[in-house]
Every structure is written in C-alpha cells, then in structure tokens.
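The following note is offered to a colleague who is reviewing the model. The points are numbered for ease of reply.

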Amino acid sequence: MATFELIQGDITTIAVDAIVNAANSSLQGGGGVDGAIHRAAGPGLLAECFQMNGCPTGEARLTGGYDLPAKFVIHAVGPRWRGGNHGEVGLLAATYRSALALAKECDVRSIAFPAISCGIYGYPVEEAARVAVDTVRKHAAGMPELERGIFVCFDEKTYEAYDVALNTAE
Ligand code: AR6
C-alpha cells in the first residue's frame with residue numbers, strides 16, 4: 001500500500017522512479033512545469049518527445065528522465081478549464097489514471113505529480129486537488145508495487161488546497 005506525501009517545491013529536483021509532467025498534446029515542450037522539466041532534463045528529452053506523435057488530452061506518454069534525478073518522465077495532458085461543463089473532471093481523472101497505468105507497466109515504486117492543469121490551463125485549484133487525490137488514491141490501491149506517491153506543489157495556495165484534499169478525502 002502506497003503512502004502519500006505532500007511537499008512544496010520543484011518537481012525537477014525530486015529523486016523518484018518517475019515524475020509526471022503537465023504537458024500539452026504536442027509534447028514539444030512549453031512553459032510552467034513542462035518548461036522546467038525540459039530545462040532540467042536537457043535536450044535528449046525533447047529529442048525523444050519529437051519521435052512521438054503527440055498525445056491526446058486525458059492520456060500520457062513515457063520517456064526517459066535524461067539529466068533529471070528521476071528515471072522516467074510521464075508526460076500527461078490535462079484538460080484546459082472551460083467553465084466546468086466540458087468534461088473537465090472526467091478528463092482530469094483520466095489524465096491521472098493514464099499516468100498511473102504507465103507507471104504500473106514500468107514497475108514504478110515512487111512517483112511525483114505536479115498539480116496538472118492548475119497553472120496555464122486554469123483549473124480551479126481546490127477542485128483539481130480533490131480530483132487528483134481521489135483518483136490517485138483509488139487507482140494506487142490496485143498497484144501493489146507502488147510504495148510512494150508525492151504531490152508536489154509549487155506555491156503555497158496549491159499546497160493548502162492539496163492539504164485539505166489529502167486530509168478530507170476518504
Ligand atoms: N515543480 C512543480 N510544480 C510546478 C513547477 C515545478 N518546477 N513549475 C510550475 N509548477 P502548468 P498546466 C506548477 O502551467 O496548467 C505548459 O506550457 C504550477 O504552479 O505547468 O497543466 C504545457 O506545455 C501549477 O500549479 O501546467 C501546457 O501547454 C502546476 O505546476 C500547459 O502549460 C501546473 O501548471 C499545461 O498547463
């Protein structure tokens with residue numbers, strides 16, 4: 001049974017088997033955590049991403065970690081927030097499930113997640129935190145090899161929202 005931790009910091013510095021990237025469907029890099037991961041991983045990561053044919057919203061793709069302390073990067077494409085009536089909850093949950101399905105295939109024992117969709121994509125942080133925590137907890141229950149899940153929040157507001165979600169979810 002995995003334990004879950006919450007930290008405030010930079011996901012690119014975390015030594016785990018896999019870190020998750022909040023990517024866009026081109027998989028060709030971008031701003032936010034995506035930009036930070038590509039900068040820290042070095043050009044090999046972008047070269048590997050160039051070989052892929054993008055990734056639809058709600059899905060994920062696996063690459064190596066290159067110069068990162070993490071062995072793998074799982075590039076997961078969350079939804080843009082469009083008011084809440086465009087399937088955002090289902091798509092965000094699917095994004096976390098897709099990331100965990102890849103982690104399971106690679107026997108990942110430790111994984112770190114950023115707050116997918118909570119930056120440039122504009123998802124309200126409290127709601128996104130609830131979806132993230134509930135989905136990851138439920139899915140991780142079927143992953144006996146997973147020992148450690150870390151939610152990495154960049155700023156105080158996001159950290160507080162995850163703290164509430166982790167302490168109130170079932
Ligand atoms: N470590 C951990 N979290 C971070 C870091 C970091 N180094 N940097 C930012 N965050 P965002 P999205 C937080 O915008 O909303 C990109 O251009 C950030 O504060 O990175 O899913 C992609 O290419 C926020 O809480 O991702 C896409 O085009 C969270 O990570 C688009 O942005 C997610 O913010 C995806 O937007």
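1. Helices and strands are here DSSP runs, a helix (H or I) having at least four residues and a strand (E) at least two, and both are numbered from the N terminus. The model under review is a predicted one. In this scheme, alanine 141 belongs to the loop that links α4 (125-140) to β6 (148-153).

2. Alanine 141 deserves a further remark. With a relative accessible area of 55%, alanine 141 is exposed, because the term applies to values over 50%. Phenylalanine 154 follows 13 residues further along the chain, and the C-alpha atoms of alanine 141 and phenylalanine 154 stand 26 Å apart.

3. The ligand site comes next. The ligand is placed in the largest pocket. There are 21 residues around the ligand, and the nearest among them are Asn24, Gly31, Val33, Asp34 and Ile120. Helix α1, which spans residues 32-41, is the greatest contributor to this shell, supplying four residues.

4. Polar contacts to the ligand involve both side chains and backbone. Aspartate 10 places a polar side-chain atom 2.9 Å from a ligand nitrogen atom. In aspartate 34, an N or O atom of the side chain is 2.7 Å from an oxygen atom of the ligand. Isoleucine 120 takes part through its backbone, a polar atom of which lies 2.8 Å from a ligand oxygen atom. On its own the ligand has 700 Å² of accessible area, and the protein covers 91% of that area.

5. How many disulfides does the model contain? The count is zero. Cysteine 49 cannot be paired, because its sulfur is 10 Å from the closest cysteine sulfur, that of cysteine 55, whereas a disulfide requires two cysteine sulfur atoms within 2.5 Å. Likewise, the sulfur of cysteine 118 has its closest cysteine sulfur in cysteine 153, at 8.3 Å, and this is too far for a bond.

6. Is each of these two cysteines, 49 and 118, buried or exposed? Cysteine 49 is buried, its relative accessible area being 0%. Cysteine 118 is also buried, with a value of 16%, since the class takes in relative accessible areas under 20%.

7. Threonine 95 forms part of helix α3, residues 88-105. The relative accessible area of threonine 95 is 0%, and the residue is therefore classed as buried. Its side chain makes a polar contact within the protein, reaching the backbone oxygen of leucine 91 at a distance of 2.7 Å.

8. Two backbone conformations should be inspected. Most residues other than glycine have a negative phi. Tyrosine 66, although not a glycine, has a positive phi of about 50°. The residue is located in the loop between β3 (60-64) and β4 (72-77). Tyrosine 66 is partly exposed, at 40% relative accessible area, because that value falls between the limits of 20% and 50%.

9. The second case is aspartate 107, also not a glycine, with a positive phi of about 55°. Where does aspartate 107 lie? Its place is in the loop that runs between α3 and β5 (110-113). Aspartate 107 counts as exposed, its relative accessibility being 53%.

Notes:
Residues numbered from 1 in each chain as written. Predicted model: local features only at pLDDT ≥ 70, side-chain atom pairs only at ≥ 80, totals over all residues. Heavy atoms only, no water. Buried < 20%, exposed > 50% of the residue type's maximum accessible area, 1.4 Å probe, protein only. Near = heavy atom within 4 Å. Polar contact = N/O pair within 3.5 Å; in protein donor to acceptor, adjacent residues only side chain to side chain. Areas by Shrake-Rupley, 256 points an atom, 1.4 Å probe, with all protein chains shown as cover. 1 Å grid on protein atoms, 1.4 Å probe; cavity = no way out; pocket = protein on both sides within 12 Å on 5 of 7 lines; lining within 4 Å. Sits in = over half its atoms within 2 Å of the grid points.
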